Amino acid sequence: MLRDAFLSALVALGLFGAMIGLKTDVGATALTLTPRPLAVAVAVGLVFVGRLALLAWKKARPPHATGPGALARRMARIGHFVAPLLLAFAVALPLFAGRYWLDMGILVLTYVMLGWGLNIVVGLAGLLDLGYVAFYAVGAYAYALLSTQLGLGFWTCLPLAGILAAFWGMLLGFPVLRLRGDYLAIVTLAFGEIIRVVLLNWVSLTGGPNGISGIPRPTLFGLTFTAGGGEGSFADFFGIEPSVSHRVIFLYYVILGLALLTNWVSLRLRRLPLGRAWEALREDEVACRSLGINVTVTKLTAFAIGAAFGGFAGAFFATRQAFVSPESFTFIESAVVLAIVVLGGLGSQLGVALAALVMIGGSEVFRDLAEYRMLIFGAALVVMMVVRPRGLVSGRAPSVALGSRKRIAAEMVTEGRG
Amino acid sequence: MTALLSLRGVTAFYGAIQALKGVDLDVNEGEIVTLIGANGAGKSTLMMTICGNPRARDGQILYDGADISALPTHLIMRRAIAQSPEGRRIFPRMSVYENLLMGAHGRSAAEAEETMEQVFALFPRMKERATQRGGTLSGGEQQMLAIGRALMSRPRLLLLDEPSLGLAPLVVRQIFSAIRDLNRSTGLTVLLVEQNAFQALRLAHRGYVLVNGAITMAGTGPDLLARPEIRAAYLEGGH
Ligand SMILES: Nc1ncnc2c1ncn2[C@@H]1O[C@H](COP(=O)(O)OP(=O)(O)OP(=O)(O)O)[C@@H](O)[C@H]1O
Ligand SMILES: [Mg+2]
């Protein structure tokens, strides 16, 4: 134990020695280096003590006290309450929350939706996609261009954005059909970057780094949400005082509806043969082939459907911001969405929602601690992976059951392959 | 009797390595045929080549009168051929029930339920364990599940790759007797790859011996069992 902690401290010394130990100052004539041995000592000491504490805690924790099965059952029972409560809270939020919290709600729900969409690809079909942001971008630009160039409305463009993103999903799917694991991850990562670079450089169409502005806001059956009210506006039609908050509330319900649609479709698909084929594909591709499943079609549909939801979310993003630029679609977005899916426990709908709430909501709440935000975020990730290595909600309920439903705990199964 | 499956001069390659060197083999309707051979002889490759993965490079694979050697795997498997692959390859995180349903992929729910009852009748253990995760089953149960899953597509021809792998003799006998019952009661045609040559040859109507990617011997079960070279190479100590 001591040895382990010592080794950790050594690694920390190597890492922090240069990172913390040397501070660059802009001197009168040139950069000067100031050594900070004390700071390094503190950091290394913290790592040493932390590692010791972690090991001690692991040792002290009785392995059978909570029993893996019991824990999963408890989680399942909690899940039964949490999901409806969360939904009720989400629906009721605009009744009591102010502008700030609604904006935050919209942001969180966008990521919930992206998480559920990516969950189809990564969680269900087991295809590690590091370029999901590409489809988000395709959806956003699809709406931005269709509305500003052709004057199409949001509700016409929404399905079009989804279809376009699905098309790009298939396009990505073809070359990567034979790839698995790490290779798939790298190619999808590159794909995400390619889309962004194209958006950045195709200045005549996308406006390059300047992006596209003046994207129209969505309407409710033709009623607009202009702040000044006026002819044909929502406030005018219902004879109420015009207010900016109407639009925010409207946007909030639009994204809530879209997210719930994503959830509903995912749950439905899981029960259909196609969804079961995705899950089987994640488990064992060779076995799927030997059962006569068309692996090509199965993979492509997973990419396409996952991408379509990314596209919907993108169109929503564009209409909410009224402005898009390539800056919003960097790799870090893909990483955040993937982290949400992984943290949530691959394949779990509730887990993804909770993870998005914690990660996006959490980092917004910690905004005041801007400097420490990434530190807290990183620490939270590490703690999560130590405490619940399979994600927040790690049980997997069978999608179909014979007679009574029975939940099977993830922890009961020895680590699967891959 | 007509041959349900015939291989004529089939070769298969993994890159530059030739794994099958011109195999001729027949499986008649209603027969149990076993294929025995040492490790690396190409038995699993032969099974997989019938399923189109890898593709046969030369020769013909005739099934029910048609050459299937150029079809993609999923279309071959739709022609009432089912395979229980080497190493069982059940879906570990899915329940027994879901595993079985995967075998009925592309069939109606009613048909699947009906076939499942037949599988449960054959392996009552599967019914008891219907909600359990595939990965938590014992080796013998996993083998039953793999066979049951293959049967869910209601095949005419069942390809079994080493069902006895890693199982206790008693469980092997159970599984072999289930195969025999199926063959007798439904006329299911079976091609069985086995290391366990003694038991396989006693179960099968006919057998082939594969050495280095080519068939070296063929005959009825008792005939092969009696041959001294078979006894020396494949049956020493095995009972
Ligand atoms: N995917 C593959 N890529 C390259 N070579 C392979 C592959 N699969 C099998 N081989 C080679 O083909 C030959 C035949 O292998 P095969 O698995 O068919 O043998 P087998 O008779 O089933 O053996 P065992 O009884 O051990 O299962 C071996 O030399 C093997 O190394
Ligand atoms: Mg083999």
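1. A residue counts as near a molecule if one of its heavy atoms lies within 4 Å of it. In this predicted model, 13 residues surround ligand 1, and those that come nearest are B:K43, B:S44, B:T45, B:E86 and B:Q195.

2. Polar contacts of ligand 1 include one from an oxygen atom to an N or O atom in the side chain of B:K43, at 2.7 Å. The side chain of B:E162 has an N or O atom 3.2 Å from an oxygen atom of ligand 1. With B:A41 the partner is a polar backbone atom, 3.2 Å from a ligand 1 oxygen.

3. The magnesium ion (ligand 2) has protein donors from B:S44 (OG) and B:E86 (OE, listed twice), at 1.9 to 2.8 Å. B:S44 sits in helix α1 (residues 43-50) of chain B, whereas B:E86 is in the loop between β6 (81-84) and α3 (96-103) of that chain, so the pair ties together parts 42 residues apart in sequence.

4. The two donor residues can also be set out by accessibility. B:S44 has a relative accessible area of 18% and is buried, because buried means under 20%. B:E86, at 37%, is partly exposed.

5. In chain A, helix α1 covers residues 2-19. Its 18 residues should span 26 Å at 1.5 Å a residue, and the end C-alpha atoms are 25 Å apart, which agrees. The helix α1(A) nevertheless bends by about 25 degrees at A:L13.

6. Buried positions of α1(A) are A:A5, A:S8, A:A9 and A:A12. An α-helix has 3.6 residues a turn, so residues three or four places apart point the same way. The cover over the buried residues of α1(A) includes α2 (37-60) of chain A.

Conventions
Residues numbered from 1 in each chain as written. Chains lettered and ligands numbered in written order. Predicted model: local features only at pLDDT ≥ 70, side-chain atom pairs only at ≥ 80, totals over all residues. Heavy atoms only, no water. Helix = DSSP H or I, 4+ residues; strand = E, 2+ residues; numbered from the N terminus. Expected span 1.5 Å × (residues − 1). Bend = angle between axes of the 7 residues up to and from the residue. Buried < 20%, exposed > 50% of the residue type's maximum accessible area, 1.4 Å probe, protein only. Contact = heavy atoms within 4.5 Å. Donors = N, O, S within 2.8 Å, 3.2 Å for Na, K, Ca; no water. Polar contact = N/O pair within 3.5 Å; in protein donor to acceptor, adjacent residues only side chain to side chain.
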